[in-house]
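Here's a quick tour of a fold, written for someone who likes to know the cut-offs. Have the viewer open as you read.

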Protein chains: 2
Amino acid sequence: MLAVGRCAVKSEHSLYYGAMPRVTAEYLAARRGHILSAAAARFARDGFHRTSMQDVIDEAGLSPGAVYRYFRSKDEIIIAISLEAIGSVERVVQEALREHRSVPDLVVGLPAAITGLDDADDRMRLAVQAWGEVLRNRDLADRMAGELARLESALRDRVEMGRRDGDVAEEVDADAVAHVLLAVVQGFILQRAWNPHLSAEAYGRAARDVVAGQLAR
Amino acid sequence: MLAVGRCAVKSEHSLYYGAMPRVTAEYLAARRGHILSAAAARFARDGFHRTSMQDVIDEAGLSPGAVYRYFRSKDEIIIAISLEAIGSVERVVQEALREHRSVPDLVVGLPAAITGLDDADDRMRLAVQAWGEVLRNRDLADRMAGELARLESALRDRVEMGRRDGDVAEEVDADAVAHVLLAVVQGFILQRAWNPHLSAEAYGRAARDVVAGQLAR
DNA sequence: TAAACAAAAGCGAATGTTCCTTCTTTTTAG
DNA sequence: CTAAAAAGAAGGAACATTCGCTTTTGTTTA
């Protein structure tokens, strides 16, 4: 959790004198982040719906009025946290796509990269919760659809690149394969959220072996 | 939804006269199932926590007293439905394991077998919700761990069988590969819950191609 | 420089609703 | 006629959110 004292961020120079806020934009952003961290910690432990606003408020060490100054509703907090949880995974995959050229190379390191994130255990638990939230929150679903589309498109491009290089068979459906590769990541997140002792390295090696055709020689 | 009239199941012969229930065990089981179907329909649409008991009661066409005769609490209904949603997938995989011998043959038909279940769309939405529920319901987690262990063990056995047949490389970690294969199924369920237009057949073929090493030649 | 001021930030008791569950009464089946 | 089953009104707690008041902060004024 962030430790943001009320006076931690002093005001800079002001441009508008009449209607300026009393604190800087950085202070507001930091406090917002502080509330999100507190909420994430509770949500990861107890779930979105078994955590009351009072729990979040207590965890943040604030008052209801303060929290509701930064977020219009509990749902707004849930959406913000869900997007972050899902987005952090997307960034890891995109990063891996930049670093590795072949599909087996790609999948072998992904699980460890995900578990290497800050607060990875919390993040994965939040992601699993968020998946369910997406099913019934239209706003969240729309925003997540965008991230998902980018991810699938990037994976598909990689498969098609492999095809041009001759590593990937001509007749495979690049789009469907992208879904399968995504599933390998999603399944890992789910299983690891359930069992934090699941080895990311062993899973990564197994995924590489599967993709490398070691199951069908 | 099941349509169980109040008098649909007549009493059979009674053995104990003094303290016998007024209706048969079949009637009780049918009514219990009816309530579960009603709850599942609502839960699939609105989620466990956005569905009130009154919603379930209305959907079942009963009264609070009637529903609470069959279930001690809302949580008990959630657990029953979660176990069924997760269990139905397990049965499909076990069935597929019985029918197909090679790993590629196994994965190609699994997605279509899952979408072929009764009320498949609802079942998958419920499964995704249940995954999140498992994270914070100890009782549910314990019971699901059992199912999961059986499934992983069956998949691992299949991989080891492949190894004896020479299809699978000696050095692969059968246990970790089982997790990856499970992920391919879980990821499909998630993606299909999000997008019911996802083609089970295309996904199955892509999964087969991936497992058959078509991405790394 | 320091006192006063204005506006934002924060507080927290209170509100009104929602919801799960219970309990008494009524109905139904055997 | 008896006992189970169902009904449904009502209890009682939990909860998200609001709103009037207080504190803090940055600026202006004496």
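How much area does chain A expose, and what share of it do carbon and sulfur atoms supply? Chain A exposes about 10,300 Å², with carbon and sulfur atoms supplying 49% of it; areas are Shrake-Rupley values with a 1.4 Å probe.

Some ground rules: this is a predicted model, where local features need pLDDT of at least 70 and side-chain atom pairs count only at pLDDT 80 or more, while totals for chains, interfaces and linings use all residues. Residues are numbered from 1 along each chain as its sequence is written, chains are lettered from A in the order in which they are written, and side-chain values use heavy atoms, leaving out hydrogens and water.

Chain A has nine helices and zero strands (DSSP runs: H or I of at least four residues, E of at least two). Of its 217 residues, 52% are buried, meaning under 20% relative accessible area.

Now for one helix pair in chain A:

| Helix 4 with helix 7 | Value |
|---|---|
| Angle | about 5° |
| Axis separation | 11 Å |

That angle makes helix 4 of chain A roughly parallel to helix 7 of chain A (under 35 degrees counts). Contact here means heavy atoms within 4.5 Å; A:Ile86 and A:Leu97 are among the helix 4 residues meeting helix 7, whose side includes A:Met144 and A:Leu155.

A:Ile86 also touches A:Trp131, as do B:Trp131 and B:Trp194, among others. A:Trp131 and B:Trp131 have the most contacts inside the largest nonpolar core, which has 154 residues (buried Ala, Val, Leu, Ile, Met, Phe, Trp, Tyr and Cys joined through side-chain atoms within 4.5 Å).

Conventions: Axes fitted to C-alpha atoms, helices over the stretch in contact; angles between N-to-C directions. Parallel < 35°, antiparallel > 145°, perpendicular 65-115°, else oblique. Buried < 20%, exposed > 50% of the residue type's maximum accessible area, 1.4 Å probe, protein only. Lists of a residue's contacts leave out its neighbours within four places in sequence.
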